[in-house]
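Let's take a stroll through this protein model together. Have the sequence and the 3D view ready, and follow along.

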Amino acid sequence: MIKLSEGGAYLVNGTALYEDNADGKAALKAAIGRDASVEEARKGTISYGILASHNTSDNMDKLKIRFDKLTSHDITFVGIIQTARASGLEKFPMPYVLTNCHNSLCAVGGTINEDDHMFGLSCAKKYGGVYVPPHQAVIHQFAREMLAGGGRMILGSDSHTRYGALGTMAMGEGGPELVKQLLNQTYDINMPGVVAVYMTGAPAKGVGPQDVALAIIGAVFGNGYVKNKVMEFVGPGVSSLSPDFRIGVDVMTTETTCLSSIWRTDDQVKEFYDIHGRSEDYKELNPADVAYYDGVIEIDLSKIKPMIAMPFHPSNTYTIEELNANLTDILADVEKRALVSLDGQVSYSLKDKVKNGKFVVDQGIIAGCAGGGFENICAAADILKGKFIGSDGFTLSVYPASMPVYMELIKNGAAATIMQTGAVMKTAFCGPCFGAGDTPANNAFSIRHSTRNFPNREGSKLQNGQIASVALMDARSIAATAANKGVLTPATDFDGDFTKYKYYFDSKIYENRVFDSHGVADPDTEIVFGPNIKDWPTMVALPENVLLQVVSEIHDPVTTTDELIPSGETSSYRSNPLGLAEFTLSRKDPEYVGRAKAVQKAQKAIEAGKCAGDAVPEVAEAMKVVKETFKDVCKENLGVGSTIFAVKPGDGSAREQAASCQKVLGGWANIANEYATKRYRSNLINWGMLPFLIEKGDLPFKNLDFIFLPGIRAAVENKDEVIKAYVVSDGALKPFDLRLGELTDKERQIILKGCLINYNRV
């Protein structure tokens, strides 16, 4: 089904692979009549060409990227614009689209959600942007329909910013990276590796894009095969997939921890642009006659079966057939893994879902940037035709990804077919993906064609004794399960025919409702501020020396951004840094906020010209030990704050608040064995936090210990590879080593200044 190469490989004429070894090179030379160098063949990838055309440096190893367009939604754009305003923003220098698909319901927190929307509209007018009102489209569907273009690059403040299937290299990053683009700065990265996803064959009837995506994620997440690399989809199998199908696979590449994705394009993609009235934005993209890839994922599409990603990660994958045949063993394994994810906070069992030997689920959701596409919903309608979901506990909700998609489903009858079954059709909304809509009942099991199934991602709250589960599946198998009254059923069991629905895009919907400045700013427009929209608090520069207290210690194999700052109930506070910070680690470590605030009092005392130890007695005790060795340390050259340790933090969302909330509460650093994603590490840096690395093994410190970092400012300035640290323990200083990893000169300056805002103010 899926095979991973052990090393690099050459692709010739888009159809033949040759491994980068002696036998492969000999075969390659025989095929093309010459030797091929890795250096030259690397330039033959689609990825290289796009990155080269957007690189503003003279060094392709050290890229400085300017993007063509930006996009954000309503739990990120307020913070981004507030940061940019504080840094001197006068006009959006490129098209910037503000969508409103996360806080669309305006159901929590009084006026504050709609206040954010009005802030966005007024900023689109003042700075020359595009504003998409609530319920019109989810962020990524609007980008596919209206922004993508062959050979372009788009940066979005959402991790699932992926438009590679349309020939657009798109990346999801934390808000500060968009701020840099708004301030005419660059996205600075090393040239990423490029991994070919080589497709052959065609999917069987009933197999959908989520099935292909989950099979890939299951094969590459755990081993880091594509971490921070670009996935380039090539091979003859690509042409067997419609653009909608490719889009459904593409959006899920985020869950592999890759940097971005790109696909070869063809006449089917050209037709997509034609349908959307943007024929001029199509560009044929193919690798060169000889292209070199750092790895290859070979996929025989014909062998992919309906998949399910069991709780609590998209990589926890099985075929539905395999699950149904081995319920006892697999459910026991899921429960065992849950003990780690849930920290034993609640009892968790799936055995009660097995009834008469069948696995029975409680809820189905087809939604968002992954599931809400036209073909997914049409296929679901075909499977559900003439069926009904029953009048018991099982429910089914379907969210088309945009109003143009919804309208076409109404016109072709698919919406009516779905509603007749007892299912509910809803408007474009991302809520089910992050816990702000369709939260299941306690102990319920939901199957969803959406992007993630982390613990509590569906909206339950461990701290209140609640737990529900989400498994990821394709819309087709969700429909087959719904038609079977909730009994888990693969869509390959469907013995009917799928209709070939033609899609017609009606641009009038957006023309009549979306505000588009066409790049013309109106400086006289007054920005609309609701009472919940707050400025970022003042942040100080990195001091000469820093005393850190470890206030949380997390030993899970991976820590998600949902655990660092929850989604769902927090979304209404994303415009209020201090209000949002109260939720930091609330599901993972409820004592974190109190501990961080307690040690932060010491830093506030220093900033007020007082002694840190007078404000926090524990700091006084630690400093007594420190000063026995480092006598020159005093309030004039000291900073005091908090840090956390996590084995591998940052999997999941691009949300900058996973880092900024720690900073707001006095965080100076994270300590980790590794960082799950580039974007989380970037967020730490942009908020002036030290992204420390420590070797795997027994830690030299424990929770609530103090760590002293003498000369840390000089170490950052001097690019020291090893940072000498000391844990204050038993009245003595015990040394150990930390590392910062590779940092650009700009990143070092941001850390030294204290955050990106300070960097741009000076």
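Let's start with Leu409. Skipping its neighbours within four places in sequence, Leu409 is in contact with Phe374, Ile377, Cys378, Pro400, Ala414, Ala415 and Met425; contact here means heavy atoms within 4.5 Å. Before going on, a quick note: this is a predicted model, where local features need pLDDT of at least 70, side-chain atom pairs count only at pLDDT 80 or more, and totals for chains, interfaces and linings use all residues. Residues are numbered from 1 along each chain as its sequence is written, and side-chain values use heavy atoms, with hydrogens and water left out.

Leu409 also belongs to the largest nonpolar core, which has 116 residues. A nonpolar core is a set of buried Ala, Val, Leu, Ile, Met, Phe, Trp, Tyr and Cys residues joined through side-chain atoms within 4.5 Å. Buried means under 20% relative accessible area, exposed means over 50%, and partly exposed is in between (1.4 Å probe, protein chains only). Met199, Ile216, Ile297, Ile308, Met310, Leu396 and Leu409 touch the most other members of that core. Another core, of 52 residues, lies apart from it, and its members include Met60 and Met169.

Now for a sheet. Three strands form an open one in the order 3-2-14, with antiparallel pairing. Helices (H or I, at least four residues) and strands (E, at least two) are DSSP runs, numbered from the N terminus, and two strands pair if DSSP finds at least two bridges between them. The edges are strand 3 (16–19) and strand 14 (290–293), each pairing on one side only. From one strand to the next, the twist averages 25 degrees. Strand 2 (residues 9–12) is joined to strand 14 by four bridges, and Val12 has Val290 as its bridge partner there. Lying across strand 2, strand 3 and strand 14 is helix 1 (residues 22–32), which runs at about 140 degrees to strand 3. For these angles, axes are lines fitted to C-alpha atoms (for helices over the stretch in contact), and values run from 0 to 180 degrees between N-to-C directions.

What about helix 6 (residues 139–146)? Seven of its eight residues are buried, among them His140, Phe142 and Arg144.

How many disulfides does a search of the whole structure find? Zero, where a disulfide is a pair of cysteine sulfur atoms within 2.5 Å. Here are two of the cysteines:

| Cysteine | Closest cysteine sulfur | Relative accessible area |
|---|---|---|
| Cys433 | Cys369, 6.1 Å | 17% (buried) |
| Cys661 | Cys755, 14 Å | 1% (buried) |

Cys433 stays unbonded because the sulfur in Cys369 is too far away for a bond.
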